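Work through the exercises below on how two chains meet. Each task is followed by a stepwise solution.

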2 protein chains.
Amino acid sequence: MKAIVHVFLKPGVLDVQGKAVESALHGLGWTGVEGVRIGRVIEFDIGGSDRAAAEAEIRAMCEKLLANTVIEAYRVDVGPAP
Amino acid sequence: MKAIVHVFLKPGVLDVQGKAVESALHGLGWTGVEGVRIGRVIEFDIGGSDRAAAEAEIRAMCEKLLANTVIEAYRVDVGPAP
């Protein structure tokens, strides 16, 4: 199965990278851009064919390694193998 | 409108961060994980209501600032404002 994990800073946490990109975009003339948030996306293949089991495994990976759950939130999408 | 930009290394480019995460996952016992690729996701609000015009603007932002098109590929999704 194909796993796609999005990791973002939680809403209350200041996203300095996003602020930097927003101000750079304003500087380049795109002044209508607002609320820039930058996150990570992690894609991988995972064996097996049970979608619910795969999702549970991926959530465990997020809790242990892929996300810092103190300041980051994550979203897991599981699809068929490509 | 809401813009979501995914930026990934191009397929031929070695993703060292992905390799590191893959080997860490293997070390934690998830040996079935393969082909880890790590990218960035950039979300922001952009004024206006013309979807095609917004997409063209966002592509210009990617070419100028958001992606390094020598080694990175990007995908643009535009949706209605949240």
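Buried area is the accessible area (1.4 Å probe) that two parts lose on being put together, summed over both. The model is predicted: local features need pLDDT of at least 70, side-chain atom pairs count only at pLDDT 80 or more, and totals for chains, interfaces and linings use all residues. Residues are numbered from 1 along each chain, chains are lettered from A in the order written, and side-chain values use heavy atoms, without hydrogens or water.

**Exercise 1.** State the area buried between chain B and chain A, and its main contributors on chain B.

Step 1. The buried area is about 2400 Å². Carbon and sulfur atoms give 69% of that area.
Step 2. On chain B, W30(B), V41(B) and E43(B) supply 23% of what the chain buries against chain A, more than any other three residues.
Step 3. Count residues in contact (heavy atoms within 4.5 Å). Chain B and chain A bring 29 residues each.

**Exercise 2.** Count the salt bridges and polar contacts between the chains.

Step 1. Take salt bridges (a side-chain nitrogen of Lys or Arg within 4 Å of a carboxyl oxygen of Asp or Glu). The count is 0.
Step 2. Take polar contacts (N or O atoms within 3.5 Å, one able to donate a hydrogen and the other to accept it; residues adjacent in sequence count only if both atoms are side-chain atoms). There are 9 residue pairs, both residues at pLDDT 80 or more.

**Exercise 3.** Find which element of chain B gives the most to the side that touches chain A.

Step 1. Elements are DSSP runs numbered from the N terminus: helices (H or I, at least four residues) and strands (E, at least two).
Step 2. β2(B) gives the most, with 14 residues.
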